Amino acid sequence: MLFLTLATTVVLFAAADVKPATRDVSYTGQKVLKCFPSADTRANSNRISSLLTNPLFDVWAVGANGTVDVRIVDTTSAGARIQTQLEELFDRCDVSIPDVEELVQQSETATLNADQQQEWHEEYHRYEDIFAWYEEKNSSYPELVNMSIAGFSYEERPMPAVHITAGSGEEKLKIYFQCQIHAREWISGAVCMYIVDYLLENFGVDERVTAILSELELIVIPFVNPDGYSYTWDGDRLWRKNRQVNPGSNCRGVDLNRNYNDHWDEGGSSSNPCSDTFHGPSPASEPETQVTSNYFMTQGYIIGAIDWHSYSQLILRPFGWTSTDSPDEPWLRALGDGMSAVAFEVHGRTYASQKSIGLYPTSGTASDWFYGEQATEANRGFRAAGYTIELRDTGQYGFLLPPNQIIPNGEEMLAAVLYYCQAVLDNPIRVPGE
């Protein structure tokens, strides 16, 4: 498959019509409930699955302890009935965010005020500015960075692929990160940039960084969902999916993290285009899923892959579609536990390490695809240690995490990443017989 060079795309990108910042959605009267589980674990899992696929509910997060954060979107009497229904389903539901509109306005104010700050990682940034930031790194570190365009989104935004490694010549083992798959999870892309920045600035300074980049190649996809991310700035701050037009429906978008070609539509997703977990009409139906899958499969020797999300502070390993242990469960569990331990040492934040299905069933997810058969068949004898990492916080701010938490979140995840890279380098998962 032919991938575009960066120079090929600059003209296309520069010609794009950038819309002014607007928000056409109000969240007045909306709130978020934190619902606490009953003692019946199986019943809780079933309740969570039904909520996730029901378009009447906007499930923000599921915690390691089984709590569920749900946004009540309907502010009429129907919304009150929905809240009553939730309270009947769970042991109890408390209001965790009483006024979503107020919290969104606070987030917008923080973003505007941050424009006066000098530190890039103290604020969130638009798609166009992030793209330019990676271009600048590509220019400033030519001996370490190689940036190209992996493909284009549904709305034809370029999707860059950033390769970071030291030296040239023999092909290396690789680590793959993808960021911003869910549009509203702004901290995802911000943490990816923090990690990239640290690696580049500390090559030749930090012995761990120097050793890792000398032996490994890191591939970063900064935007899996550039259209959705852009829409969170200019339309609906709490948008999750891509911006696909669904034939026969007034509801737009596909949940890209239910669209990968690995046990697609086998639980934890919806066939309803109005649902936030709509899995699309077929496996890998979406341009963004196709771009990331195809790019991954052309690389080879990928020994580790992380899909970055928020929120709930979780380190999730395969599988999401079955309770059966993966063949590498002991190693993947130990690896996740190790990342959790080193992250905790930084700021005392707990990241629960567990199997994905321990939260609730999911299928067609990126991390299961990384570890699964289609990706492995193209991976030249290796199986990627695939993870989903859910970043800060645990519900105080949810998707509206203040920008002053970007750096500390980046610091604890940097520690986890350095541990992860060295661990998979020392003990990659090899496919028997290949």
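User: In this predicted model, what makes β2 and β4 paired strands?

Analyst: The cut-off is at least two bridges between two strands. Strand β2 (residues 31–36) and strand β4 (residues 68–72) are joined by five bridges, so they count as paired. They run antiparallel. One of the contacts links valine 32 to arginine 71, its bridge partner in β4.

User: Why are β3 and β5 called edge strands?

Analyst: The open sheet has four strands in the order β3-β4-β2-β5, with antiparallel pairing. β3 (58–62) and β5 (92–97) each have a single partner strand, so one side of each lacks a neighbour in the sheet. On average, neighbouring strands here are turned by 30° against each other, direction ignored.

User: How do you know that the span of helix α13 agrees with its number of residues?

Analyst: Helix α13 covers residues 406–426, 21 residues in total. At 1.5 Å a residue, the expected span is 30 Å. The end C-alpha atoms are 30 Å apart, so the two values agree.

User: What makes α13 largely enclosed?

Analyst: Buried means under 20% relative accessible area. In α13, 16 of the 21 residues are buried, so the rest of the structure largely encloses this helix. Across the chain, 60% of the 434 residues count as buried.

User: How do you know whether the chain agrees with a compact globule or not?

Analyst: For 434 residues, a compact globule would have a radius of gyration near 22 Å. The chain has 21 Å, which agrees. Its C-alpha trace spans about 65 × 50 × 45 Å along the principal axes. The chain holds 13 helices and 15 strands.

Definitions and conventions: Residues are numbered from 1 along each chain as its sequence is written. This is a predicted model: local features need pLDDT of at least 70, side-chain atom pairs count only at pLDDT 80 or more; totals for chains, interfaces and linings use all residues. Side-chain values use heavy atoms; hydrogens and water are left out. Helices (H or I, at least four residues) and strands (E, at least two) are DSSP runs, numbered from the N terminus. The expected span of a helix is 1.5 Å times one less than its number of residues. Buried means under 20% relative accessible area, exposed over 50%, partly exposed in between (1.4 Å probe, protein chains only). Axes are lines fitted to C-alpha atoms, for helices over the stretch in contact, and angles run from 0 to 180 degrees between N-to-C directions. The radius of gyration is taken over C-alpha atoms; the globule rule is 2.2 Å times the number of residues to the power 0.38.
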